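Please describe the two ligand sites of this protein and the overall build of its chain. The sequence and model are shown here.

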Amino acid sequence: MVAVAVIGAQWGDEGKGKLVDELSMSADFVVRYQGGSNAGHRVVHDNGEFSFRLVPSGILYPNTTCIIGNGVVVDPKGLIEEMEQLQRQGIDVSRLFISERAHVVMPYHFLLDRLEEEARGEDKIDSTQRGIGPAYVDKHARNGIRMADLLDVDTFRAKLSSILQQKNRMITQIYGQPPLSLEEIHGEYFGYGQQLRGYIADTQNMLHNALFDHKTILLEGAQGALLDIDFGTYPFVTSSSTMAANAAVGAGLPPRSIDRVIGVYKAYITRVGSGPMPTGLFDDIGHILRDRGHEYGTNTGRERRCGWFDAVAGRFVAQINGLDAAVITKLDVLDTFPTIKICTAYNLRGKIVHSLPATLSNLAACEPIYEEVEGWQSNTSGITHYEDLPAAAKSYLKRLETLIETPIAMISVSPQRGKTIQIQNVLQLPEYDARYPRNAMR
Ligand code: GDP
Ligand code: IMO
Ligand code: MG
């Protein structure tokens with residue numbers, strides 16, 4: 001039995017979907033625990049390509065039970081569309097369960113996401129406009145509607161009626177927009193509740209039993225640690241906690257049940273949306289990374305900013321999440337570069353810093369200090385054994401390990417399932433590695 005949390009260790013889109021797909025072969029349960037349909041996780045097989053927003057990437061295997069946990073905010077309309085699309089692609093979704101406690105993303109959340117962004121003007125977050133921020137605001141303001149509420153026509157009506165009065169005051173008086181209709185929303189969302197009735201469950205109890213039965217549980221993070229509401233580049237972050245610690249809360253598992261935390265990093269770094277990115281490149285190298293890495297949003301199609309690996313941010317993320325191991329993806333994207341840079345520190349107004357500043361003004365002022373290493377200039381995308389990697393690629397990876405103070409367990413060299421080099425089985429409990437003394441205290 002093992003419960004493993006997989007988290008994004010940068011600004012999202014690190015390839016969590018691909019990794020979770022690979023690991024799901026040996027998993028019994030795969031659980032999303034935060035975020036919503038702002039996520040876009042892409043999985044590529046010989047016989048198809050899948051894009052997930054809410055459904056855990058583990059659904060592609062017949063052996064998994066997939067759970068959308070209490071910590072997720074669920075757009076039921078989008079979820080039904082996603083489930084239908086999977087069914088059209090031949091995937092059985094009867095093993096999917098949605099926590100009755102998960103909050104619902106309502107139409108006013110989508111609307112307010114857009115209106116708030118417009119009101120921010122130049123300072124916009126550049127959100128995915130999937131209603132995520134407003135839905136989490138309502139959850140924490142105790143104004144939320146949960147999945148179970150959709151199932152009872154009268155409870156749902158009473159809650160919606162009171163919340164909508166307040167929302168409509170905001171929509172009409174602050175934003176000067178027409179009010180939303182109680183009847184329309186009630187009818188439509190009660191209908192979604194009916195469609196999803198068979199999937200809404202006490203998922204906390206299912207996972208508790210899974211632990212008791214010594215099952216393997218994978219916790220699939222969305223977004224990335226640098227988008228975390230507390231530790232990310234605030235306010236240019238998402239509205240949920242993307243920390244490994246939240247995997248327990250968002251799934252309904254006891255904190256001590258999580259045996260391992262795996263951080264997924266790209267071999268370089270990307271960011272989509274606004275906010276500081278110390279190693280972001282706007283030159284030819286940035287364009288090459290974007291073209292070779294196809295760095296466009298999985299669901300939104302937005303261009304991602306690209307840059308060299310930021311080991312300052314990388315080490316910070318490893319520390320706060322207590323990473324047991326790192327997985328490095330998209331190594332193949334670096335195949336053509338004669339030299340590769342790694343950011344090892346920042347120059348902050350003349351001072352050398354080795355940690356991520358908390359304030360936006362300091363973050364924006366950070367100039368990366370680079371170390372330049374040799375590239376390998378050969379194709380790694382077919383390599384499945386670590387020994388077969390070019391020497392320069394191995395020494396690049398070793399350098400990353402040292403800088404983020406975390407052992408690398410796997411390396412991905414292509415979007416295709418199976419094109420992954422395994423150094424260590426991340427589903428087995430780690431052994432103490434003296435090279436990483438900080439792991440002992442985690
Ligand atoms: P996620 O949000 O973390 O699941 O990542 P996304 O799916 O949004 O973005 C990662 C993209 O990189 C997807 O298009 C993947 O198919 C692709 N990808 C994943 N691993 C690799 C890899 O090792 N090499 C290459 N070239 N592409 C990869
Ligand atoms: P996955 O799971 C990359 C970014 C948005 C925006 C900020 C806030 O695919 O890695 P939100 O809609 O959450 O309020 O937007 O966060 N963002 C992501 N960037 N990958 C994601 O998910 C993201 N989810 C949100 O671009 O800058
Ligand atoms: Mg993504």
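## Two occupied pockets

Ligand 2 takes up the space of the largest pocket. Pockets are found on a 1 Å grid over the protein atoms alone: a pocket is an open set of points with protein on both sides within 12 Å along at least five of seven lines. A molecule sits in one if more than half of its atoms lie within 2 Å of its grid points.

This is a predicted model, in which local features need pLDDT of at least 70, side-chain atom pairs count only at pLDDT 80 or more, and totals for chains, interfaces and linings use all residues. Residues are numbered from 1 along each chain as written, chains are lettered from A and ligands numbered from 1 in the order written, and side-chain values use heavy atoms, without hydrogens and water.

**Ligand 2.** The surroundings hold 20 residues, and K16, H41, T128, T238 and R302 come nearest. Here a residue is near if one of its heavy atoms lies within 4 Å of the molecule. By class, this shell has seven nonpolar, nine polar and four charged residues. Ala, Val, Leu, Ile, Met, Phe, Trp, Tyr, Cys and Pro count as nonpolar, Asp, Glu, Lys and Arg as charged, and the others, Gly among them, as polar.

The table gives polar contacts of both ligands (pairs of N or O atoms within 3.5 Å).

| Ligand atom | Protein partner | Distance |
|---|---|---|
| Ligand 2, oxygen | D13, backbone | 2.8 Å |
| Ligand 2, oxygen | H41, side chain | 2.7 Å |
| Ligand 2, oxygen | Q223, backbone | 2.8 Å |
| Ligand 1, oxygen | G15, backbone | 2.8 Å |
| Ligand 1, oxygen | G17, backbone | 2.8 Å |
| Ligand 1, oxygen | R42, side chain | 2.7 Å |

Taken alone, ligand 1 exposes 580 Å², and the protein buries 96% of that. These areas come from the Shrake-Rupley method with a 1.4 Å probe.

**Ligand 1.** Ligand 1 sits in the second largest pocket. Two elements give two or more residues to its shell: α1 (16-24) and β3 (41-45). Of the 19 residues around ligand 1, the nearest are K16, G40, R42, D332 and S412. The shell has four nonpolar, seven polar and eight charged residues.

## The chain as a whole

The protein chain has 13 helices and 21 strands. These are DSSP runs, numbered from the N terminus: helices are H or I with at least four residues, strands E with at least two. The radius of gyration is 22 Å, close to the 22 Å that the globule rule gives for 442 residues, so the chain is as compact as a globular protein of that length. The radius is taken over C-alpha atoms, and the rule is 2.2 Å times the number of residues to the power 0.38.

Conventions:
A polar contact is a pair of N or O atoms within 3.5 Å; within protein, one must be able to donate a hydrogen and the other to accept it, and residues adjacent in sequence count only if both atoms are side-chain atoms. On a 1 Å grid over the protein atoms alone, a cavity is a set of points where a 1.4 Å probe fits but cannot get out, and a pocket is an open set with protein on both sides within 12 Å along at least five of seven lines; lining residues have an atom within 4 Å of a point.
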